[in-house]
Number of protein chains: 2
Amino acid sequence: MSVTIKDVAKKADVAPSTVSRVISDSPRISEKTKRRVRSVMEEIGYHINYNGRVLVSKSTQTIGIVTKVSSVHSFDNPFFSEMLRGISDSCHESDYSLYLTTGNTEESIYKEVVKMVQGKRVDGVIVLYSRADDPVISYLRKSDCPFVMIGKPADRTSETMYVDNDNIQASLDVTDHLMKLGHKRIAFIGGDSQFEVARDRLNGFHQAFTKRGWKADDSWIRHIQTSSPDAQKVVDDLLELEDAPTAMVVTDDYNAMRVMNALRSRGLSLPQEMSIVGFNNTMIARLSTPALTTVDTQSVQLGYQSAEMLMDKLKHPDRINRSMIIPTIIVERESCIQKKDKGE
Amino acid sequence: MSVTIKDVAKKADVAPSTVSRVISDSPRISEKTKRRVRSVMEEIGYHINYNGRVLVSKSTQTIGIVTKVSSVHSFDNPFFSEMLRGISDSCHESDYSLYLTTGNTEESIYKEVVKMVQGKRVDGVIVLYSRADDPVISYLRKSDCPFVMIGKPADRTSETMYVDNDNIQASLDVTDHLMKLGHKRIAFIGGDSQFEVARDRLNGFHQAFTKRGWKADDSWIRHIQTSSPDAQKVVDDLLELEDAPTAMVVTDDYNAMRVMNALRSRGLSLPQEMSIVGFNNTMIARLSTPALTTVDTQSVQLGYQSAEMLMDKLKHPDRINRSMIIPTIIVERESCIQKKDKGE
DNA sequence: ATCTCATATGAAATCGTTACCATGAAATAA
DNA sequence: TTATTTCATGGTAACGATTTCATATGAGAT
């Protein structure tokens, strides 16, 4: 059917093993032979078949990417796309390829991961999320497939490779930022609370209050799922509180925009009547009006470094598992302003 | 190393070929043997190695995805993510996997495509864009690797599988929509003009004028690259025209939002002083203020159908090449209004 | 001239599956 | 009873590469 290493060998009058050595540019082959073999390869249009190589060399030069169950929506969210871009950039530099899971239920994703790991389609895996009791992670740990997760592991942190932000600190900082602007009643609107990142950010939020000897009211703490249309309800509830918040920390730009729209639909003018901060500094933060002040989690870096870390591990399997914290940066735009009437 | 079909065979006291038949659930094997073999597989933890299978069966059950050169930015743009989601959904249903190109220069993408096709890593390819003189397309045509493109082929249309919108009609419709609202001076702000879609939409724009016996002024036709910060300049130019447009057709939601921001920074209030329509109906169209009236190109469907078409071709290679037009729908939101002073 | 030792290349085993051909036993037909 | 099918399974050669071990050749040392 296609041109194989044997065809090249025959035509160049050498052994298949010699051709193989030419492919890998082995120093044991004379320049003369290399030239001859290469010109034959060119002539008869040879191209390596990776499956043959993988079978014996046991390396696919491919890494698998596992997205959230809600990947149905995670592609929507630029945060994921940006991580993917970072991963993609890094892989390209090292000549690795990407293999994507396509499932959209927890069950089917699990199966796909097993399939791609056991089936030897990938050398390693990057998991784009972190949550407790994840069967995918348990499986990856059992198998000896190297993997790195983006986000802090729910358990066995020290033996797991991960790259993450310091979400506690980031959340603390951004909440404090609002406090410095005079806000005392600050709402926290988190995302899907099953993910680790949600805990950390809520934690940091509380710490900001503790630091000042204040206390956040429980009624200020809310969650909205990216997938459900409950932004309006959460905002309504919040505005109807006796002491309605004057600022909001929303743990994701996308949700922040939904919240802003909900606020506007209640007639509030922004940022005058409500200060908002988002997270991730995605494209939408730049484009919103008012432009969103947000915590840049450097998603591209998150992806890039996770891929680097994984490929490093693949190259040196005996090296100990590292992990990495990517710094966050508060990007100030126009969605937060000094609270007018400080007393009250 | 790992558990192979031979280990199973030995333990179950059958031939490797029998195990292989059990895996594919061949009807030629008795239920009794199947049960026994399966229990052994379970017991010693067997899992198929796909590379071995691919080598002989010559089918990878994987399709490759090729993105624009500007993939650096295409991930940013939700349009691409949504197509990817559609592809992903379809592939998952048929148990196919996805293989992504990671390059970000024209040269490196080309190489990766050759690598994945010649290297037999994929059974077919989906190209997420269309432009003239694309070496990737020439290559795919030369090789006999089935592929489908999203967007109208620049040439040899009838022999190429593609899925596309009727962009000419869509653009005509949406321009006419603005005209019905009383607008006569309408700007067209296209994206990267190297892509086929840009031509079609400009074409439709002109046709809308022709249909009414009007003519679009050349100065109203502009282009902005997603990657460069020239939205403001384009807007400035347009506003400084003697007869500045009162409405704008922007061929992409993302750029539409950039244009809206540029307009606002010039002090215009929207939609009162400028009506805008976008394209693609991405998430950002829903979230913008005013919410963007846009042409829903059904990007998820675009992706979904392209994958279906490709997999169908893979299953029936002799079937003739089909192509498909996905209908577009104008989604009216708040960014377009009746022009106030009709006379003028 | 003989021996040693690189150097360049070849031969063959191997990786994990599948697919073709063969075969023995049981079932059916003559 | 014998011949002919059918059925369930076994044996083994691919598939396309890599890799280990072996070997011929020639250069240099003695």
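On a 1 Å grid over the protein atoms alone, a pocket is an open set of points with protein on both sides within 12 Å along at least five of seven lines, whereas a cavity is a set of points where a 1.4 Å probe fits but cannot get out, and in either case the lining residues have an atom within 4 Å of a point. Grid points are joined across faces, edges and corners, and a volume is the space filled by probe spheres set on the points.

What we are looking at is a predicted model, in which local features need pLDDT of at least 70 and side-chain atom pairs count only at pLDDT 80 or more, while totals for chains, interfaces and linings use all residues. Residues are numbered from 1 along each chain as its sequence is written, chains are lettered from A and ligands numbered from 1 in the order in which they are written, and side-chain values use heavy atoms, with hydrogens and water left out.

Let me begin with the open space. The largest pocket has a volume of about 1,300 Å³, and among its 39 lining residues those nearest the centre are A:Lys58, A:Gln118, A:Lys120, B:Ser2 and B:Asn49. Two or more lining residues come from each of H4, helix H7 (106-118), helix H8 (135-142) and helix H14 (299-315) in chain A, and from each of H1, H2 and H4 in chain B; here helices (H or I, at least four residues) and strands (E, at least two) are DSSP runs, numbered from the N terminus. H4(B) has the largest share of this lining, with five residues. By class the lining divides into 17 nonpolar, 13 polar and nine charged residues, where Ala, Val, Leu, Ile, Met, Phe, Trp, Tyr, Cys and Pro count as nonpolar, Asp, Glu, Lys and Arg as charged, and the others, Gly among them, as polar.

Now the enclosed space. How many cavities of 30 Å³ or more does the count come to? The count is nine, and the largest cavity has a volume of about 160 Å³. It is lined by 15 residues, of which A:Asn51, A:Arg121, B:Asn51, B:Tyr99 and B:Arg121 are the closest to its centre. The elements giving two or more residues to this lining are helix H4 (50-57) of chain A and helix H4 (50-57) of chain B, and H4(A) gives the most, with three residues. Five of the lining residues are nonpolar, six polar and four charged.

I turn next to the DNA, where a residue is near a strand if one of its heavy atoms lies within 4 Å of it. DNA strand C is surrounded by 27 residues, the closest being A:Ala15, A:Thr18, A:Arg21, A:Thr33 and B:Ser20. Of the strand C atoms within 4 Å of the protein, 65% belong to sugar or phosphate and the rest to bases. A backbone N or O atom of A:Ala15 lies 2.7 Å from a phosphate oxygen of DNA strand C, and a polar side-chain atom of A:Thr33 lies 2.4 Å from a phosphate oxygen of that strand, whereas for A:Ser17 a polar side-chain atom lies 3.3 Å from a base nitrogen. H4(B) supplies the largest share of the surface near DNA strand C, four residues.

For DNA strand D, 26 residues lie around it, and A:Ile5, A:Ser20, B:Thr18, B:Arg21 and B:Thr33 come nearest. Here 60% of the strand atoms within 4 Å of the protein belong to sugar or phosphate, the rest to bases. A phosphate oxygen of DNA strand D is 2.8 Å from a polar backbone atom of B:Ala15, a polar side-chain atom of B:Thr33 lies 2.3 Å from a phosphate oxygen, and a polar backbone atom of A:Gly52 is 3.2 Å from a base nitrogen. H4(A) provides the largest share of the surface near DNA strand D, four residues.

Finally, two individual residues. B:Gly190 lies in strand S6 (residues 186-190) of chain B; is B:Gly190 buried or exposed? With a relative accessible area of 1%, B:Gly190 is buried, a term that means under 20% relative accessible area, computed with a 1.4 Å probe on protein chains only, with exposed meaning over 50% and partly exposed in between. Leaving aside neighbours within four places in sequence, B:Gly190 is in contact with B:Arg222, B:His223, B:Ile224 and B:Thr251, contact meaning heavy atoms within 4.5 Å. B:Asn255, in helix H12 (residues 253-265) of chain B, also counts as buried, at 1% relative accessibility.

Notes: Polar contact = N/O pair within 3.5 Å; in protein donor to acceptor, adjacent residues only side chain to side chain.
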